[in-house]
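Grab a coffee and work through these short exercises with the structure open beside you. Each task comes with a solution you can follow step by step.

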Amino acid sequence: MAAPPIQQETAPWLLENGSYKVLTKEARQGHGHSHHGRTAHNMSSSSLRKKSDLTLVSKVQCGLLRSFLTNLQEVILGTKLSILFPAIPLAIVANYCNFGRPWIFALSLLALMPLAERVSFLTELMILGFLRAVGGLLNATCGNATELIIAIFALCQNKIDVVKYSLLGSILSNLLLVLGTSLFCGGLGTLGKQQKYDRRQADVNMLLLFLGLLCQLLPLLFRVAGGYTTVTTVAALQLSRASSIVMLVAYVVYIVFQLWTHRQLFEADEEAGEGQEEETPVIGFWSGFVWLVGMTIVIALLSEYVVATIEDASNSWGLSVSFISIILLPIVGNAAEHAGAIIFAFKDKLDISLGVALGSSCQISMFVIPVCVIVAWIAGIDMDLNFNTVETGCLAVAIITTAFTLQDGTSNYLKGLILLLCYVVIGACFFVTTTPLSKIILYCHLGILGIPSRVR
């Protein structure tokens, strides 16, 4: 049997609403037990990868140089987003040459798009050969690394509102924009019939999202019911920290539930694994590790640029910080996996699209947000789970609308259109918001000082 291509886009591990399908019986006989788990995030990103022609590189006589060129071609040129890589040096040069700060912000956002996709690719390479559960665990914790890095840098600069807005925007874009576009495009691609999907994992994800919503809603209600006094502020902060620990415990239990105790609930049919072949690593483990560390450092640098220039971009473009953080940052930062989710929906593989949208939303809500609260707690920064009234209301509507949309296990283009229109209305809400970040911070300080809202 001929050897598989160097970069194979199919693998024995497919997603069923964010959970992993097991190998078919034939595949189990040939592959053993040391395969990795591919998340919907990886499956979605893989749709933007392209096969590399290593014919020319293979003619290089020097082994070290040949290995370096192979790595370079696979990592840098192995994605359809490679055209955006020049934005990385341009952003760095623009920063050191003191170009317009809005340009630095825009270039940094563009540069983050291919980096996020490549981190997904390298993470997948790193877990080839691991046990399936270990690979799934690594994917589950690294799926939203870009959002976490941006949030950490914003916390270091005490821009708590930017952290909240960007993470809230990631959840909203996944639930309404990505899922809505996937359902809409999938419905148009399968006119005359309803798309069907396994809703078992979707139900679990929605339960976790409702738990996250409760943890974010209670501090808000606590502040509203008790008034904006110092006592209420401290109590809401303590409640948020306790809730964050509960959210992390729930997320860990969810990972155990998905990868170990109830894995059999999400087994695929035998036909689902037909035609799938074992994926071959295109670069070595340590080469992948070095590339991953290097790209993480670059993402951290660009994230620092984004956080430092977001206010200047807001003033220059006439857009509020809330609109940029909630709408623009998530769309650009997750463009790779979002495009992949839509492509799979067109191919009538809606389970993968659901895995991207719901899995990423659940990870941000139950993992990234509480981690930010705890990191801020350790750093002595007062960050709570109060996302303000309008923002929390939008999140509640998004979760409830998504839950109703997915309740029957079928889909059509009308459901997707409704979700998209909800996102448009929410985007318009934050577009007309013109409160600058400095005024938001002032309001927060007034609340901490115990000055009633009517005085402000």
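**Exercise 1.** List the buried residues of α7, then check the helix's length against its residue count.

*Solution.* Start with burial (under 20% relative accessible area with a 1.4 Å probe, protein chains only; over 50% is exposed, in between is partly exposed). In α7 that picks out Thr146, Glu147, Ile149, Ile150, Ala151, Ala154 and Leu155. Helices here are DSSP runs of H or I, at least four residues, numbered from the N terminus. Now the length: expected span is 1.5 Å times one less than the number of residues. The twelve residues of α7 (145-156) should therefore cover 16 Å, and the end C-alpha atoms sit 17 Å apart, which agrees.

This is a predicted model, so local features need pLDDT of at least 70 and side-chain atom pairs pLDDT 80 or more, while totals for chains, interfaces and linings use all residues. Numbering runs from 1 along each chain as its sequence is written, and side-chain values use heavy atoms, without hydrogens or water.

**Exercise 2.** Which residues does Val163 contact, leaving aside neighbours within four places in sequence?

*Solution.* Contact means heavy atoms within 4.5 Å. Val163 meets Ala151, Ala154, Leu155, Cys372 and Met383. Go back to the α7 list: Ala151, Ala154 and Leu155 are buried there.

**Exercise 3.** Where is Asn98, and is it buried or exposed?

*Solution.* Find the loop between α4 (87-96) and α5 (101-126); Asn98 is in it. Its relative accessible area is 67%, so Asn98 is exposed. Finally, check the backbone: phi of Asn98 is near 55°, a positive value.

Definitions and conventions:
Helices (H or I, at least four residues) and strands (E, at least two) are DSSP runs, numbered from the N terminus.
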